[in-house]
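Student: Could you take me through one part of this model in detail? I would like a close look at the residues that carry a binding-site annotation.

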Amino acid sequence: MAIFEGAGVAIITPMNDDFSINFEKLGAIINDQIEKGTDAIIICGTTGESSTMSHEEHIECIKYAVEVTKGRVPVVAGSGSNSTAEAIHISKAAEEAGADGLLCVTPYYNKCTQNGLYQYYKDISDAVNIPIIMYNVPSRTGCNILPETAVRIAKEVKNVVAIKEASGNISQVAKLASIADGCIDIYSGNDDQIIPLLSLGGKGVISVLSNVAPTQTHDMVRAYLDGDVKKACDMQLESIELINALFCEVNPIPVKAAMNILGWESGPVRRPLTEMEDANKERLTKAMKDYGIL
């Protein structure tokens with residue numbers, strides 16, 4: 001059974017002006033997301049700036065998300081690392097905190113082999129008992145989970161049940177779906193490919209767009225899953241301009257800016273990221289207005 005079906009939000013982490021985590025605002029955003037139809041909360045992912053969090057902050061955010069969510073939707077905790085030992089530490093803490101699943105990015109910078117990827121996920125799985133979603137985002141990690149490797153891991157590693165596919169390579173996703181024969185759930189990791197991936201049998205999306213358009217993203221996925229393909233395709237195409245604006249600078253710079261524009265007072269991005277350039281912010285603001293969320 002899938003950890004979730006539909007639109008999960010790769011939620012931002014609001015910051016105070018001194019770059020400390022604004023938990024009160026995080027709680028408000030989580031509640032708003034759930035009220036507007038979001039199907040899962042993905043905490044401490046790339047969009048949540050987990051790479052600049054201490055271990056203590058990372059675990060505290062996961063615990064807080066579980067407490068606020070109160071079982072209304074699944075909480076999936078980002079827990080991958082370029083160090084297997086660190087990934088195990090965070091994964092075990094997430095399980096103890098009550099997370100419903102883990103999102104484990106491939107080891108970054110190390111660029112391990114396909115056998116190394118297998119061992120990485122096996123080692124994490126051996127340490128926990130909750131489901132694991134592999135996260136394939138080679139543009140950030142320098143490491144690509146090949147379809148054959150993903151299927152091998154899904155079949156041989158007990159807790160690995162899904163993959164967030166953010167390679168951007170729809171042909172790779174099609175090959176994965178064709179050889180997996182249903183042994184692994186596939187989630188889109190790219191907001192501009194939600195409907196194409198669903199058409200290949202995907203279960204949903206782990207979305208940046210959902211931060212600023214939770215109802216629309218949920219409804220897009222739901223329409224497709226309910227059989228209204230035209231409505232879903234129309235909604236995908238209508239969102240492209242906004243999606244492109246949300247990625248005109250490296251994520252999560254634009255989405256944090258967008259949340260601030262919407263009045264969420266989500267604060268700054270942590271260094272080494274810097275605030276959005278004025279020209280790009282103008283582009284983002286226009287796209288939000290054109291999409292009807294501003």
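Tutor: In this predicted model, the "binding site" annotation, which comes from an unreviewed UniProt entry, covers T47 and I206. The two span 160 residues in sequence, yet their C-alpha atoms are no more than 10.5 Å apart, so they gather at one spot. Both T47 and I206 are included in the lining of the largest cavity.

As for T47, its place is in the loop that runs between β2 (40-43) and α2 (55-69). With a relative accessibility of 3%, under the 20% limit, T47 counts as buried. Once neighbours within four places in sequence are left aside, the contacts of T47 are A10, I11, I12 and T13, together with V208, N211, N251, P252 and V255.

I206, by contrast with the loop position of T47, belongs to strand β8, which comprises residues 204-207. Its relative accessible area is 2%, and I206 is therefore buried, given that buried means under 20%. Not counting residues up to four places away in sequence, I206 touches F4, G8, A10, I42 and L103, and also I133, K164, Y187, S188 and G189. A10 thus appears among the contacts of T47 and also among those of I206.

To sum up, the record's annotation covers a residue in a loop, T47, and a residue in a strand, I206; T47 is buried, I206 is buried, and the lining of the largest cavity includes both.

Terms used. Residues are numbered from 1 along each chain as its sequence is written. This is a predicted model: local features need pLDDT of at least 70, side-chain atom pairs count only at pLDDT 80 or more; totals for chains, interfaces and linings use all residues. Side-chain values use heavy atoms; hydrogens and water are left out. UniProt positions are given in the numbering used here, feature names are shortened, and annotations may be inferred rather than shown by experiment. On a 1 Å grid over the protein atoms alone, a cavity is a set of points where a 1.4 Å probe fits but cannot get out, and a pocket is an open set with protein on both sides within 12 Å along at least five of seven lines; lining residues have an atom within 4 Å of a point. Helices (H or I, at least four residues) and strands (E, at least two) are DSSP runs, numbered from the N terminus. Buried means under 20% relative accessible area, exposed over 50%, partly exposed in between (1.4 Å probe, protein chains only). Contact means heavy atoms within 4.5 Å.
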